[in-house]
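Dear colleague,

Here is the structure I promised to hand over, and below it you will find my notes on what turned up when I went through it. Please keep it open while you read, so that you can look up each place as it is named.

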Amino acid sequence: MESRLAQLGGLNQKDKQTAYLSLLSEVLSRDDQSTVAVDIHTLVDNVVNQESVGLVISRSVLSELVKALSEGRIKNRDQRKRIVEDTLSIVHPRIVSYEEQVNSLRFQLADILEEEEQWSDAARVLMGISLDSGQRALPDEEKFRVYVRIVRLLLEDEDSVEAERYYNRAALLAHNTTAKETLLQFKLCQARISDYSRKFLEAAARYHELSWVPEIDEEERKQMLSAAMTCAILAPAGPNRSRVLASLCRDERTTELPSYNILLKMFHDRILRPNEIKEFEGTLKPHQLAKISISSNDRLASAVAEDDQASDPTISTRKGPSTVLDRAVMEHNLLASSKIYNNITFRGLGALLDLTPGAAETMARRMIEQGRLKGTIDQVEKLISFDVLGEDDDAQGKAGGLGDVEQIEEDTGAPFTKKWDMQIRLTAANVETIVQHLTEKGLVSFGAVQA
């Protein structure tokens, strides 16, 4: 190869291009491809780093090499991977001059790494592609496709932090895209990022929405429905979760999935026992079993007024939930207890949740503060009283058309919204009064409605 290249060096510029392309074709066409990687390395190094070759010829040779690799002229995947990596290494110092060829090689290398399930490495290769170069700026739809692919690869290795960064970039371009398949991948990435970020309510809603898309394979839709159920179970207890649970329970497909019994119990506000969630725990992913720490404020609040009970062996010593699942089950059981009891002592609630009385009070206080539980706390009597009169306002177990949804007044918690609703009601009532008055005077008549 060295001698052949030396011979080509003496040719004029007009003949050099044809000679180099002919040599490249000869190397790629050999039956014995054992030395093809070494020979191509030598050839590429010569055309890129020899000033006598010229930029036009070197670009032409690299373009032909990229085309040959994309067409599968090199059958062995390991050799193809080595050739791509060697070429990128040689061209890197002069990447500005070969940007288009480098981008094509990076796409090919990412494909190879993805086939080898090296997700993060494939994502990093795609990150190195220049998408906004002045020489050849990619259209928005192509940029969107690359960003979504990077997000998908990063999520395969559960790198949700970096994935969210590229997801935010893709979100800015989503409105410029019409490719349905890429948009579906984007929505799935959106759901998975919400899942990894422990925004389980958002994730459940998005998974459930995707499970209805007919373009997605039936088995994948079933997996998305299962993921929606899991996220709904792990979501913070409260009215919003009840709406999501109602929507899932109304879906007939959920009855065939393993998590249906727990989902149904949560929807009906039944207390869950440890043995019931053991099987469900085995279906969770690592991030859904993540350990959670107790804040110093909660630890301090939980410790108040517990000194006199420290010697009682019947009282639990747990200061709070240890995992995401623990917290979801405890909050659900606390909410379920509000449907059973009018009031309960700190100690009784602690026994129910397997927490210290102070920790049980802290959990109830936080849920009341966040509007997820209606009730009051009497710290003198160490008693929690539940607001049973407000049960109809929070749509607990009544959303999604599964129960009586008639409500006298919806408590939205927003004074301006209430004021607006009241104005609409008054206006409607005034119009009704005017119409009735005109009818009595005979000034307005309504004909019979024809069926």
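Thr255 counts as partly exposed in this predicted model, because its relative accessibility of 45% falls between the 20% under which a residue is called buried and the 50% over which it is called exposed. You will find Thr255 in the loop that runs between α13 (239–250) and α14 (260–267), where a polar atom of its side chain lies 2.8 Å from the backbone oxygen of Glu252.

Leu173 is also a loop residue, placed between α9 (160–171) and α10, but Leu173 is buried, because its relative accessible area of 12% is under the 20% cut-off. If you measure from C-alpha to C-alpha, Leu173 is 9.5 Å from Arg145 in space, while the two are 28 residues apart in sequence.

The next topic is the largest pocket, which has a volume of about 730 Å³. Its lining is made up of 27 residues, and those nearest the centre of the pocket are Leu188, Arg192, Glu220, Gln223 and Met224. Which helix gives the most to this lining? The answer is α10, with 8 residues, although α8 (140–156), α10 (180–196), α11 (200–210) and α12 (218–234) each supply at least two. Sorted by kind, the residues of the lining come to 10 nonpolar, 7 polar and 10 charged.

Helix α3 (residues 36–49) is worth following from end to end: with its 14 residues, it reaches 20 Å from its first C-alpha to its last, which is close to the 20 Å expected at 1.5 Å a residue. Because 10 of the 14 residues of α3 are buried, this helix is largely enclosed by the rest of the structure. Among the buried residues of α3 are Val36, Ile40, Leu43 and Val47, and the list also includes Asp39, Thr42 and Asn46.

Finally, please look at the strands β2 (residues 375–378) and β3 (residues 383–386), which run antiparallel and are joined by 4 bridges. Thr376, for example, has Ser385 in β3 as its bridge partner. The hairpin formed by β2 and β3 has 4 residues between the strands, and in this hairpin Lys382 takes a positive phi near 55 degrees.

With best wishes

Notes: Residues numbered from 1 in each chain as written. Predicted model: local features only at pLDDT ≥ 70, side-chain atom pairs only at ≥ 80, totals over all residues. Heavy atoms only, no water. Buried < 20%, exposed > 50% of the residue type's maximum accessible area, 1.4 Å probe, protein only. Polar contact = N/O pair within 3.5 Å; in protein donor to acceptor, adjacent residues only side chain to side chain. 1 Å grid on protein atoms, 1.4 Å probe; cavity = no way out; pocket = protein on both sides within 12 Å on 5 of 7 lines; lining within 4 Å. Points joined across faces, edges and corners; volume = space filled by probe spheres on them. Nonpolar A, V, L, I, M, F, W, Y, C, P; charged D, E, K, R; others polar. Pairing = 2+ DSSP bridges. Expected span 1.5 Å × (residues − 1).
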